[in-house]
Amino acid sequence: MQLNTIILGAGAAGMMCAAHAGPGTLVLDHARAPGEKIRISGGGRCNFTNMYAEPENFLSQNPHFCKSALARYTQWDFIDLMNRHHIAWHEKTLGQLFCNGSAKQVISMLLSEMERAGATLWLSTTLKDLSHADGRFSLTVEREGRTEHLSARNLVLATGGKSIPKMGATGLAYDIARQFGLGVTETRAGLVPFTFPESRFAPLAGLSLPARLSNARATFDEALLFTHRGLSGPAVLQLSSYWREGEEIAIDLAPDQDLFAALRDQRQAAGRRDLTTELARHLPARLVEFLAPQLGLKGRLADQSDSALRALAETLRDWRLTPSGTEGYRTAEVTLGGIDTDMLDSRTLRSKSQPGLYAIGEAVDVTGWLGGYNFQWAWSSGHAAGTAIAKTQR
């Protein structure tokens with residue numbers, strides 16, 4: 001079968017690319033359904049973009065690479081697409097946008113856009129062989145028990161990264177990139193919970209509170225969640241993308257409080273009150289109970305000097321911990337690193353060295369924050385590659 005474009009991967013980026021790549025486009029995926037990450041995202045409501053998406057919200061060895069694609073297809077462009085398809089949405093905290101209904105509406109919208117553009121989708125299809133000669137890519141695939149031979153002028157890598165292998169994620173895009181001479185930067189799990197040895201925080205499992213987490217490179221003010229395995233919640237997931245093994249993190253358990261002033265004032269007003277009882281007015285009681293033996297919290301407020309109260313407040317606002325690791329790709333929402341952006345044109349996502357080869361979405365060394373940013377990169381990079389391919393046909 002002779003085609004103009006073959007897109008490997010029917011995820012967010014791949015489907016967006018197919019909707020703009022022009023006629024003669026075929027999308028291949030080994031999964032039985034398209035857009036699986038879309039389907040499960042946002043608790044089934046799809047956090048499809050963020051109102052405040054800017055290049056500063058993305059990590060890459062080249063922080064400038066994402067600017068062109070993000071500027072040419074913005075969050076407002078995708079919102080307009082949602083509105084044209086009459087998909088209701090709402091804003092949650094920090095500019096995060098979700099469907100009012102189901103994430104499946106976004107998948108249906110993208111499939112509709114693909115159909116309108118004349119693109120074809122093959123699911124349950126496995127790539128067996130790939131080569132390039134005489135200006136065309138040759139693919140051998142297995143589909144429905146049959147072997148198919150395909151040829152295309154353009155090939156788009158949209159198979160994502162290694163995160164959530166139980167959904168079929170692999171490093172296929174990296175293998176193909178290397179096959180055609182493109183470099184791949186170090187990859188690791190991103191937006192992932194921290195782990196600690198010996199079920200350190202098991203007594204606090206399920207407890208959540210607002211917190212400020214930081215290290216030498218980043219700071220995030222969002223919810224912190226204690227789990228049987230360690231720490232999770234939005235603040236932890238965000239910081240994990242900036243964390244390296246063996247590094248210490250700092251946790252401010254009372255980011256919006258002057259804890260020292262509050263304790264000192266209550267010492268004057270209710271000095272006979274137990275210190276832990278007073279602390280439980282500012283922090284979850286279960287957390288105070290957990291920390292009490294470690295911090296030597298005992299006695300009445302009246303027994304505490306200014307220096308003791310100040311030291312306690314400083315400890316609670318600068319709690320230092322060293323995670324033993326993360327939960328890895330098993331639960332990571334994204335893969336950090338990927339196909340080296342130095343090998344790609346930032347306007348088109350086309351390889352600088354291999355004619356007709358494109359890489360988009362999570363396969364590329366561009367990773368966004370938690371909160372809709374990675375979907376926006378999928379829309380923007382897919383659009384950039386798709387429109388570039390369509391222009392080559394004119």
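# Exercises on a two-domain chain

The C-alpha centres of domain 1 and domain 2 lie 40 Å apart. The model is predicted, and the exercises below work through its layout, its domain interface and a few single residues.

## Exercise 1: the chain as a whole

Task: Describe the extent of the protein chain, its secondary structure and its share of buried residues.

Solution.
- Step 1. Take the extent. The C-alpha trace spans about 85 × 40 × 40 Å along its principal axes.
- Step 2. Count the elements. The protein chain has twelve helices and 21 strands.
- Step 3. Turn to burial. The chain has 394 residues, and 55% of them are buried.
- Step 4. Look at the contacts with a separation of 6 or more. Of these, 72% are between residues 24 or more positions apart.

## Exercise 2: the two domains and their interface

Task: State which residues form each domain, then describe what lies between domain 1 and domain 2.

Solution.
- Step 1. Read the bounds. The domain assignment gives domain 1 as 2–189 + 335–393 and domain 2 as 193–327.
- Step 2. Count the residues in contact. Eight residues of domain 1 meet eleven residues of domain 2.
- Step 3. Find the area. About 850 Å² is buried between domain 1 and domain 2, and carbon and sulfur atoms give 49% of this area.
- Step 4. Find the main contributors on one side. In domain 1, the residues that lose the most area to domain 2 are Arg188, Trp369 and Leu370, together 55% of what that side buries.
- Step 5. List the polar links. The rule finds one salt bridge across the interface of domain 1 and domain 2, and four residue pairs in polar contact, both at pLDDT 80 or more.
- Step 6. Sort the residues by class. On the side of domain 1 that touches domain 2, six are nonpolar, none is polar and two are charged.

## Exercise 3: a salt bridge

Task: Which side chain does arginine 244 meet in a salt bridge, and at what N to O distance?

Solution.
- Step 1. Name the partner. The side chain of arginine 244 meets that of glutamate 186.
- Step 2. Check the distance. The N to O distance is 3.0 Å, and the cut-off for a salt bridge is 4 Å.

## Exercise 4: two residues of helix H12

Task: Are glutamine 376 and histidine 383 buried or exposed, and which residues does each touch?

Solution.
- Step 1. Place glutamine 376. It lies in helix H12, residues 373–392.
- Step 2. Apply the cut-off. Buried means under 20% relative accessible area. Glutamine 376 has 1% relative accessibility, so it counts as buried.
- Step 3. List its contacts. Beyond its neighbours within four places in sequence, glutamine 376 is in contact with residues including Phe48, Ala53, Leu70 and Phe78. Tyr73 is also one of its contacts, and the side chain of glutamine 376 reaches the backbone oxygen of tyrosine 73 at 3.2 Å.
- Step 4. Repeat for histidine 383, which is in helix H12. Its relative accessibility is 15%, so histidine 383 counts as buried.
- Step 5. List the contacts of histidine 383. Not counting residues up to four places away in sequence, they are Met16, His20, Arg72 and Tyr73.

## Exercise 5: positive phi outside glycine

Task: Where do leucine 94 and serine 199 lie, and what are their phi values?

Solution.
- Step 1. Locate leucine 94. It is in the loop between strand E5 (89–91) and strand E6 (96–99).
- Step 2. Read its phi. Leucine 94 is not a glycine, yet its phi is positive, about 55°.
- Step 3. Locate serine 199. It is in the loop between strand E12 (194–195) and strand E13 (208–214).
- Step 4. Read its phi and exposure. Serine 199, also not a glycine, has a positive phi of about 50°. Its relative accessible area is 43%, so serine 199 is partly exposed.

How values were computed
Residues numbered from 1 in each chain as written. Predicted model: local features only at pLDDT ≥ 70, side-chain atom pairs only at ≥ 80, totals over all residues. Heavy atoms only, no water. Helix = DSSP H or I, 4+ residues; strand = E, 2+ residues; numbered from the N terminus. Buried < 20%, exposed > 50% of the residue type's maximum accessible area, 1.4 Å probe, protein only. Domains from an automatic or database assignment. Contact = heavy atoms within 4.5 Å. Buried area = accessible area lost by both parts, 1.4 Å probe. Polar contact = N/O pair within 3.5 Å; in protein donor to acceptor, adjacent residues only side chain to side chain. Nonpolar A, V, L, I, M, F, W, Y, C, P; charged D, E, K, R; others polar.
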